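Q: Got a minute to go through this model with me? I'd like to start with a single residue and then move on to helices, rings and sheets.

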Amino acid sequence: MNRLIIVSNRTPGRDPAAGGLAVALRKTLAEREGFWFGWSGKLTEKPSVDAVFEDIDGLSVGKIDLTREDHHAYYAGFSNSILWPSFHLRLDLATIEAPWYEAYRRVNTQFAKALLPHLQPDDVIWVHDYHLIPLATELRHLGARNRIGFYLHIPFPTTDALYAIPHHNELMRDLSRYNLVGLQAQRDVAAFNDFADHQSPSSLADGPLEAVDFSQTEIAVFPIGSDPDAFAKLSTSPAANKMVKRMQRAMDDQRLILGVDRLDYSKGLPQRVEAYEKLLANNPQFRRLVHLLQVAPPSRDSIKEYQETSDTLDAMCGHVMGRFAEPDWAPLTYVKRAYGQPSLAGLYRLARVGLVTPLRDGMNLVAHEYVASQNPVDPGVLVLSRFAGAAEIFPEALLVNPFDTDETAEALRLALEMGLDERQERWHALMDAARLYSVDNWASSYLARLSPDAQQGSGPLRDVLYLASVA
């Protein structure tokens, strides 16, 4: 079996992995030879030339250090102030600074130079996410001829949004250097193919641009999931039951509406609170009978746009409390800290409604985790944004346009009033999909396509996706 080399911005630490992706990749790597490679998390005066390897829980992990200046420009700058908002169609929030692109490529070059000495000719390399789009190009320039795959964990932008990104043609040419580019949803493949078909117009700076050749690159959908059976077990664990009892004491017989998100402007949190406010305003019968819990730990709070989102959400939650709260009833609780998976699984199981309404998302694993944690005898209802990748595989959820807060408020009403038979029927279909698109199936299907002996269009998950797309 070929060795597997996983490359990501950050490497795993010694603490237990919190997310399903980290757990799955650890498990995948543990089953074959290879190593994980990425940034150490350390900032130094001089950039690392050589990688330092260590054993972490049985995995070989190679790390490099970055300078503070390079990390700021590569990570907070080009990756998260240009690529992230643009890929999420928030061009109004993109900040463009010319030196950031230079640092972005410089860090990718540093990754490639430190990685190359540790590669063997038949290694399979799996690169993760938007921070490392140029890595295949840099490795090819250094002579690497390995099979290299790329997986984008966030949405792929529309062609117009792509045109707004500085050096977008170079970035697309970088993607053409991969053997396989995996995307979350059919809408992402459609956006990618739209660019491939029409290419980029000429620019004032560069004149006519050379067309990007994607003939050697396969573009395919690989929806990522969670480990649904593990989450089902976790939702009845002692730690989960402890959280459930705490919430039941505080809520009495109120029905819980639950949101769990990073504090990020792409998650639609202000719109979510506005929809909840409309639910209470339009349906007085629900007052005292429902409670919204929004868990939103801070994310990238050094970036101005994230702080502005936090301030807006603070104000909106305060407004709802001031409008509807009674001395003996609070309509919502807003928590700005993270909880462990067992506690979250307990909250998911308790919640009558899982409210997952990002403005745009690659997949959204909270939707998967909520479904997996439900009590089969008395399941809750998933209210899901149609702009999350999860909407393509979870059509039995109540799909909403998160920008239309009246529609979301009406979906909340329907979810709260839905009868048991319909809730069970919807949940069984959702759980079947969660199992089909589990994170283990995602990893094995992707690597089957990336392997040197892969046959075009093969792989069990790939076949299911193809049949679903033409049905």
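Q: Is Arg-288 buried, partly exposed or exposed?
A: This is a predicted model, to be clear. Arg-288 is partly exposed, because its relative accessible area comes to 41%.

Q: Where does Arg-288 lie?
A: In the loop between helix H10 (269–282) and E10. Phi of Arg-288 is positive, near 75°, and the residue is not a glycine.

Q: Why bring up the sign of phi?
A: Most residues other than glycine have a negative phi. Asp-129 is another case to look at: its phi is near 80°.

Q: OK, which loop holds Asp-129, then?
A: The one between strand E5 (124–128) and helix H4 (135–141). Asp-129 counts as buried because its relative accessibility is 12%, and the cut-off for buried is under 20%.

Q: Switching to helices. How many residues does H7 have?
A: Helix H7 has 13 residues, 186–198. From first C-alpha to last, H7 reaches 18 Å, close to the 18 Å expected at 1.5 Å a residue.

Q: Which residues of H7 are buried?
A: Asp-188, Val-189, Ala-191, Phe-192 and Phe-195. Those buried residues cover an arc of only 160° around the axis, so they sit on the same side of H7.

Q: Any general reason for spacing like that? What does helix geometry say?
A: An α-helix has 3.6 residues a turn, so residues three or four places apart point the same way.

Q: And which residues are exposed on the other side of H7?
A: Asp-197 and His-198 are exposed there. Right after H7 comes Gln-199, with a positive phi near 60°.

Q: What covers the buried residues of H7?
A: The cover includes helix H5 (159–163), helix H6 (168–175), strand E7 (180–183) and strand E8 (218–221).

Q: Let's stay with E7. Which of its residues are buried on each face?
A: Leu-180 and Gly-182 are buried on one side, Val-181 and Leu-183 on the other, so to speak a strand covered on both faces.

Q: How do E7 and E8 pair, parallel or antiparallel?
A: Parallel, over 4 bridges. One of the partnerships puts Leu-180 opposite Glu-218 in E8.

Q: How many bridges join E6 to E7?
A: There are 3, and E6 and E7 run parallel. Tyr-151 has Gly-182 as its bridge partner in E7.

Q: Which residue forms an aromatic pair with Tyr-151, by the way?
A: Hold that one for a moment and take the total: the model has 21 aromatic pairs. Tyr-74 and Tyr-104 make a stacked pair, 6.2 Å centre to centre with 25° between the planes. Tyr-74 lies in helix H2 (residues 68–87) and Tyr-104 in helix H3 (residues 98–115), so that pair ties together parts 30 residues apart in sequence. Both Tyr-74 and Tyr-104 are buried. Now yours: Tyr-151 pairs with Tyr-446, edge-to-face, at 6.0 Å centre to centre and 85° between the planes.

Q: How many residues apart are Tyr-151 and Tyr-446?
A: They are 295 residues apart, Tyr-151 in strand E6 (residues 147–151) and Tyr-446 in helix H16 (residues 439–450). Both Tyr-151 and Tyr-446 are buried.

Q: What cluster do ring pairs link up?
A: Trp-126, Tyr-151, Phe-222, Trp-442 and Tyr-446.

Q: New topic: in what order do the 6 strands of the open sheet come?
A: E11-E10-E9-E12-E13-E14, with parallel pairing. Strand E11 (332–335) and strand E14 (398–400) are the edges, each pairing on one side only. The twist averages 15° from one strand to the next.

Q: How many bridges join E12 to E13?
A: There are 4 between strand E12 (residues 353–356) and strand E13 (residues 381–385). Among the partners, Leu-355 faces Val-383 in E13 as its bridge partner.

Q: Which strands does H14 lie across?
A: Helix H14 (residues 405–417) lies across strand E9 (255–260), strand E10 (290–295), E12, E13 and E14, running at about 170° to E14.

Q: Last one: which residues does Phe-324 touch?
A: Leaving out residues up to four places away in sequence, Phe-324 touches Glu-277, Leu-280, Ala-281, Arg-287, Trp-329 and Pro-331. Phe-324 is in helix H11 (residues 304–324), and it counts as buried because its relative accessibility is 6%.

Technical notes. Residues are numbered from 1 along each chain as its sequence is written. This is a predicted model: local features need pLDDT of at least 70, side-chain atom pairs count only at pLDDT 80 or more; totals for chains, interfaces and linings use all residues. Side-chain values use heavy atoms; hydrogens and water are left out. Helices (H or I, at least four residues) and strands (E, at least two) are DSSP runs, numbered from the N terminus. The expected span of a helix is 1.5 Å times one less than its number of residues. Buried means under 20% relative accessible area, exposed over 50%, partly exposed in between (1.4 Å probe, protein chains only). The arc is that of the directions from the helix axis to the C-beta atoms. Contact means heavy atoms within 4.5 Å. Rings of Phe, Tyr and Trp (its six-membered ring) pair if their centres lie within 6.5 Å; planes under 30 degrees apart count as stacked, over 60 as edge-to-face and the rest as tilted. Two strands pair if DSSP finds at least two bridges between them. Axes are lines fitted to C-alpha atoms, for helices over the stretch in contact, and angles run from 0 to 180 degrees between N-to-C directions.
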